[in-house]
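Hi,

Here is the structure I promised to send over. Have a look at it first, and then read my notes below.

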Amino acid sequence: MNDRYVVRVEKMEQVTPTIKAFTLSSNTATLEQFGAGAHLTLHLPMGNRQYSLINNPLDMKNEYKIAVKNLGSEQGGSRYLHEQLEVGDIIEVSGPDNYFPVHLEAQHYLFFAAGIGITPFLSMMSYLSTLGKTFELHYAAPHVENCPFHEEITNKYSKQAYVYLGSREEKRKKLKEALRNRKVGTHVYMCGPKSFMEMLNDSTKELHFPQRVVHEERFRPALVIRDPKPFCVSVNGKDLVFVKENESLLERLRNEGYSIPYACRMGICGSCEVTLCEGEVLHSDSFLTEQEKKSKMLSCVSRGVGDIAIDVEQDGSEK
Amino acid sequence: MKEGLEKYRHVLVITDKKHEEKALRMQRELQNRGKSVQLEVMASLDVLIGKELVSNQPIGRGLIIFGEGTLGIERVAVSAGYSRDDIFIDSSQESRAFCSQCHHITIIGSDESFICENCLQQLEPSEHYSTYHRASLAYPVFKETDGKG
Amino acid sequence: MSNSSKEFPFPFTKDSYAYSNNSILLDPARSVAVSSHYIEEVKLKRNLLNQNHERCFRALPLSLEAQWEVLLLVFKELSTCEPQYFTLEQRGNAYQFTNHLLREVESFSFKDSSSIEVEPLDLAGRHVQEDLIIMGDRHDGLFLEAGQLCFPSNWSLTFVLGMEFKAIHTPVPGITDNRFIEKVERFITRIRPNSAWERKNWSVTITNKLDTPLETYSDWGKLRYNVTEANAGELVNLRVEVQRLYRLPVTNDILFSIHTYLLPLNELISNDEWLKKFYTNVKTLPKEIADYKGISLYKRELMTFLERALTQRKIER
């Protein structure tokens, strides 16, 4: 899978006073293709940071472009990228991944962006333009100076882009208005701060948009358990099993003679699911839904906190 | 009322002349439940007119189709961007069986074996159902003696 | 050992039957493979396509972007992973793919349908042994939107075209009640871009033909009545499909490739380990799965044949 690899900083551009764009490339490796809405994970000294790719997926010349807003915090990844990184530096990355893919069955796209939330739409708009599909961008920012890619967008997408500056209330009113009188086949994509997304989500509900055509990031990357701790498990209401810090629940159960099915051992395929009866669990999979996490866990990656109780079905009972 | 229709505030009902009566009943039933209903009656279901109708609907509407040859309109509705579960087809329609040997669809009256109109194979419908073809897959019937000797 | 035996992806790892999502992640991600039967199988595919195009190739218009993505993906993969057999040259938007095994050149402009004579997926499939299926990842589910299918095991591409993944698989016994298929679907929707997963799916077939479509079932299906203990070694083949699921990064759709391998029982039983595992798996097969795989009709003859082989080779049952 997209293991970590290194890229070189080819170019840095100041987009606005607080936003810089970075072009990353490689002389030795062929960089993987990506889709509109995809992001790259940067492995920085202060941890992993994810940034949307802003170049056109259909015109990718072995480079990835990202735009980063300097959030200014002392230990922040964005500040590091803005202040420490120089052209020629090597950084470690993984991906690209895509939690925000463009659905090609849509007849028309409505993009809602606020501030730096514009980034995923840059790849989407250039991609859809190449395909000849119709879209609109509704873009809110405090003022022109703080409106990343304002010039590029208004030049390139003069007919599709609506930029909203000015007071918060006025912007809200206009954004809501933009959702009105839409035809079947319209898909809505939104990216911005939480309050912005909530306001738009509420409006789509008021207007009876089917929620399946309203898209924000589909699911978050799985939580990585950095410092695994031992825990105690009661199995099928009888056996008591102790899982050490350096082993998984799946490994322990199989060693105890439970023939639990498994496949990926990465929290992706769902094969090793067990029923959670009692206790708190650190879920580290990207398979179960939030609802399912209340009563299930994937034994390959997720761990109990203290004592938990589970029920397991044996392999073979599932045909 | 059909299961799943409860969530729509607006519903478009399309019918051919022959099934108008039924469509009217559906309209009344939906209206009694406070829904707004647009009823469109065509002499017979026409894909081009249907396409124009379904593509210009506001987002979030349910679609009900009555009549002979609903499949054409159903497909243009999917292309126009309807989610497949926003489309409801009159369930009292005749059963259709898809011949696994020649792909011809025969209208059948029961679940018993039948002869394909096109390739004349004796077939038996199965439970494998395609919502795309609106038909059940039908397998050839073998006799114990087939292939022996 | 013959080439077929050496390359054969023997599917059984356990001594009893278990239906599970036994997928593994491929590193590097691959969608196709070239075996020693490449030339004959590709020629067979093309004959089938020429004679029964409607049966072997179907595509909905919505699949076109993904089809182009697959064409380039497959040609790039072949030229990168098998450079001795394939070359791909690019000049701007113009590509030239050379198949040295078949001494053929395909020239095309990317995403220009007028530059190729068949649809992009159909072209890609004419240079690989695999059947290629495109599943569209739509807002309302995962749908089969295009396919080039020459070597199906008793299914019809035309029937499943446009169908949702879940509905395609409902006739597999025992998998709807425990929501197994929903788990598989969710697994597929979460495959990451540029990643490929592989699983092996086995069945038994009473012919050495790779092309056993449902459309000709009335011809080959009756062969199952002919199996005897004496002819099982020749007539019966273990059929293994190496199935790969590949997330197309640009369209976000799924490429499902199927590479089919056949091994006559006479060759299988010459490997003690294989003989024993095959025997125990067939023996513990639940009845409804045996029915589904079409084995029930001749299971008794098959078991007798395998038991005799086990005895001859002094292997404990």
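Before the contacts, one term: I call it a salt bridge when a side-chain nitrogen of Lys or Arg is within 4 Å of a carboxyl oxygen of Asp or Glu. Also keep in mind that this is a predicted model.

**Chain C against chain A**

With that cut-off, C:Arg186 and A:Glu292 form a salt bridge through their side chains, with N to O at 2.7 Å. The count between chain C and chain A is three salt bridges, and there are nine residue pairs in polar contact as well, both residues at pLDDT 80 or more. On the chain C side, α4 (64–81), β6 (131–138) and α8 (180–189) each bring at least two residues to the surface that touches chain A. The most comes from α8(C), which gives five residues. Sorted by type, that side of chain C has twelve nonpolar, ten polar and 13 charged residues.

As for size, 35 residues of chain C and 41 residues of chain A take part in the contact. Together the two chains bury about 3600 Å², and 52% of that is on carbon and sulfur atoms.

**Chain C against chain B**

Here the contact involves 25 residues from chain C and 24 residues from chain B. The buried area is about 2100 Å², with carbon and sulfur atoms giving 60% of it. Within chain C, the residues that lose the most area to chain B are C:Phe159, C:Leu214 and C:Tyr225, which together make up 33% of what that side buries.

There is one salt bridge between chain C and chain B: B:Arg84 with C:Asp140, where the closest N and O atoms are 3.2 Å apart. You will also find nine residue pairs in polar contact, both at pLDDT 80 or more. From chain C, α6 (157–160), α7 (165–168) and α9 (217–220) each supply at least two residues to the side touching chain B. That side divides into eleven nonpolar, nine polar and five charged residues.

**Inside chain B**

I also went through part of the chain B fold. Strand β3(B) is covered on both faces, with B:Gly62 and B:Ile64 buried on one side and B:Leu63 and B:Ile65 buried on the other. β3(B) pairs in parallel with β1(B) over four bridges, where B:Leu12 sits opposite B:Leu63. β3(B) also runs parallel to β4(B), joined by three bridges, and there B:Leu63 has B:Ile87 as its bridge partner.

Helix α3(B), residues 70–80, has several buried residues, among them B:Leu71, B:Ile73, B:Glu74 and B:Val76. The buried residues of α3(B) pack against elements of chain B that include β1 (10–16), α2 (47–55) and β3 (62–65). Right after α3(B) comes B:Gly81, with a positive phi near 115°.

What about B:Asp90, in the loop between β4 and β5 of chain B: is B:Asp90 buried or exposed? B:Asp90 counts as buried because its relative accessibility is 7%, which is under the 20% cut-off. Its side chain makes a polar contact of 3.1 Å with the side chain of B:Lys22.

Finally, β5(B) and β6(B) are antiparallel and share four bridges, with B:Ala97 opposite B:Thr106. The side chains of β6(B) alternate: B:Thr106 and B:Ile108 are buried on one face, while B:Ile105 and B:Ile107 point to the other and are not buried. The hairpin has five residues between its strands, and B:His103 has a positive phi near 75° there.

Cheers

Conventions:
Residues are numbered from 1 along each chain as its sequence is written. Chains are lettered from A and ligands numbered from 1 in the order in which they are written. This is a predicted model: local features need pLDDT of at least 70, side-chain atom pairs count only at pLDDT 80 or more; totals for chains, interfaces and linings use all residues. Side-chain values use heavy atoms; hydrogens and water are left out. Contact means heavy atoms within 4.5 Å. Buried area is the accessible area (1.4 Å probe) that two parts lose on being put together, summed over both. A polar contact is a pair of N or O atoms within 3.5 Å; within protein, one must be able to donate a hydrogen and the other to accept it, and residues adjacent in sequence count only if both atoms are side-chain atoms. Ala, Val, Leu, Ile, Met, Phe, Trp, Tyr, Cys and Pro count as nonpolar, Asp, Glu, Lys and Arg as charged, and the others, Gly among them, as polar. Buried means under 20% relative accessible area, exposed over 50%, partly exposed in between (1.4 Å probe, protein chains only). Two strands pair if DSSP finds at least two bridges between them.
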